[in-house]
Amino acid sequence: MNTIEILVTCLALSLDCFVVMMARGAMMNPQEHRRSLINSLIFAGSSLLMIVLGSLAGSLIKSQLVLHVNQVIAALILFALGCFLLIQAFRQKAIEERHEDSFNYKKVLILGLITSVDVFLLGTSMTLLQADAFQVCLISTLVTLACVELGQQIGYRLGLAYRRTIFTAGSVILFLISLKVLFQVLTHLR
């Protein structure tokens, strides 16, 4: 995968963090607004941890399989992640936008780890696609950092109006990338 494809894939997966923290931003008190960068760093650290673990898992799988099988598995993982985001888009419950005082860093860390499970699978699929691990880690971490910070700011100012659209856009991006990978496999098999 090239840098643009990695960037777009990481952006698509970071949209779930974006929406989660958009909801958090909609409930922030003005005093908490200053702590949003720490929240972003916690999410980015969680994402980095998961993508490194996913890359290690991908390395273990990669050594056992042939290249085309790796690519098909990676495409299936990306497709499944797209399905996950699409399901998230339509399973969202209405959230009452009100200030919440009981949100602490422990809750941020738990949310960061929960929303980074898909990043673990991204690390696995990127390794199977022979993407540069350092580049994937760097891009994923920076994109997560930016999406979480932006999500908090937008949620603080606009609320949760566009969360279904954001999840749907992420799933479409992942579907398209998985189809591109499968198309490449089919082209090489000829």
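1. In this predicted model, helices H2 and H5 pack against each other with their axes 6 Å apart and at an angle of about 40 degrees. Angles under 35 degrees count as roughly parallel and those from 65 to 115 as roughly perpendicular, and H2 and H5 are therefore described as oblique to each other. The crossing in which H2 passes H5 is right-handed. On the H2 side the contact is made by Ser-47, Met-50, Ile-51, Leu-53, Gly-54, Ser-55, Ala-57, Gly-58, Ser-59, Ile-61 and Lys-62, and on the H5 side by Val-117, Val-119, Phe-120, Leu-122, Gly-123, Thr-124, Thr-127 and Leu-128. Sorted by class, the residues of this contact comprise 10 nonpolar, 8 polar and 1 charged.

2. Helix H5 deserves a closer reading. It covers residues 117-128, and its 12 residues should span 16 Å at 1.5 Å a residue, a figure that agrees with the 17 Å between its end C-alpha atoms. Of these 12 residues 9 are buried, so H5 is largely enclosed by the rest of the structure. The buried residues of H5 are Asp-118, Val-119, Leu-122, Gly-123, Thr-124, Ser-125, Met-126, Thr-127 and Leu-128. Several names recur from the previous point: Val-119, Leu-122, Gly-123, Thr-124, Thr-127 and Leu-128 are listed among the residues of H5 that touch H2, and they are also listed as buried.

3. What follows H5 can be read from Gln-130, which lies in the loop between H5 and helix H6 (133-158). Just after H5, Gln-130 takes a positive phi of about 60 degrees, and this positive value belongs to a residue other than glycine. With a relative accessibility of 52%, Gln-130 counts as exposed, because the cut-off for that class is over 50%.

4. Helix H2 also meets a second partner, helix H4. The axes of H2 (residues 36-62) and H4 (residues 105-115) come within 8 Å and cross at roughly 35 degrees, and here, too, H2 passes its partner in a right-handed crossing. From H2 the contact involves Ile-38, Asn-39, Ile-42, Phe-43, Ser-46, Leu-49 and Met-50, which meet Tyr-105, Val-108, Leu-109, Leu-111, Gly-112, Leu-113 and Thr-115 of H4. The residues of this contact divide into 10 nonpolar, 4 polar and no charged. Met-50 of H2 is named in the contact with H4, and Met-50 is likewise named in the contact with H5.

5. A further packed pair is formed by H1 and H6. The axes of helix H1 (residues 3-26) and helix H6 come within 7 Å, crossing at roughly 30 degrees, and since angles under 35 degrees fall in that class, H1 and H6 are therefore roughly parallel to each other. H1 passes H6 in a right-handed crossing. By class, the residues of the contact between H1 and H6 are 17 nonpolar, 9 polar and no charged.

6. Two residues of H6 illustrate how positions distant in sequence come together in space. Ala-146 is found in helix H6, and its C-alpha atom is 8.8 Å from that of Ala-44, although Ala-146 and Ala-44 are 102 residues apart in sequence. At 46% relative accessibility Ala-146 counts as partly exposed. Leu-158, also found in helix H6, counts as exposed at 59% relative accessibility. The C-alpha atoms of Leu-158 and Met-22 are separated by 8.9 Å, while the two residues are 136 residues apart along the chain.

7. In helix H7 (residues 163-189) the residue to look at is Ser-178. At 1% relative accessibility, Ser-178 counts as buried, because the cut-off for buried is under 20%. If its neighbours within four places in sequence are left aside, Ser-178 is in contact with Ala-75, Leu-78 and Phe-79.

8. These local points can be set against the protein as a whole. It has 7 helices and 0 strands, and from the N terminus on its elements run α-α-α-α-α-α-α. Of the 190 residues in the protein, 46% are buried. Among contacts with a separation of 6 or more, 95% are accounted for by residues 24 or more positions apart.

Terms used. Residues are numbered from 1 along each chain as its sequence is written. This is a predicted model: local features need pLDDT of at least 70, side-chain atom pairs count only at pLDDT 80 or more; totals for chains, interfaces and linings use all residues. Side-chain values use heavy atoms; hydrogens and water are left out. Axes are lines fitted to C-alpha atoms, for helices over the stretch in contact, and angles run from 0 to 180 degrees between N-to-C directions. Helices (H or I, at least four residues) and strands (E, at least two) are DSSP runs, numbered from the N terminus. A crossing is left-handed if the near helix is turned anticlockwise from the far one by less than a right angle, and right-handed if clockwise. Contact means heavy atoms within 4.5 Å. Ala, Val, Leu, Ile, Met, Phe, Trp, Tyr, Cys and Pro count as nonpolar, Asp, Glu, Lys and Arg as charged, and the others, Gly among them, as polar. Buried means under 20% relative accessible area, exposed over 50%, partly exposed in between (1.4 Å probe, protein chains only). The expected span of a helix is 1.5 Å times one less than its number of residues. Angles under 35 degrees count as roughly parallel, over 145 as roughly antiparallel, 65 to 115 as roughly perpendicular and the rest as oblique.
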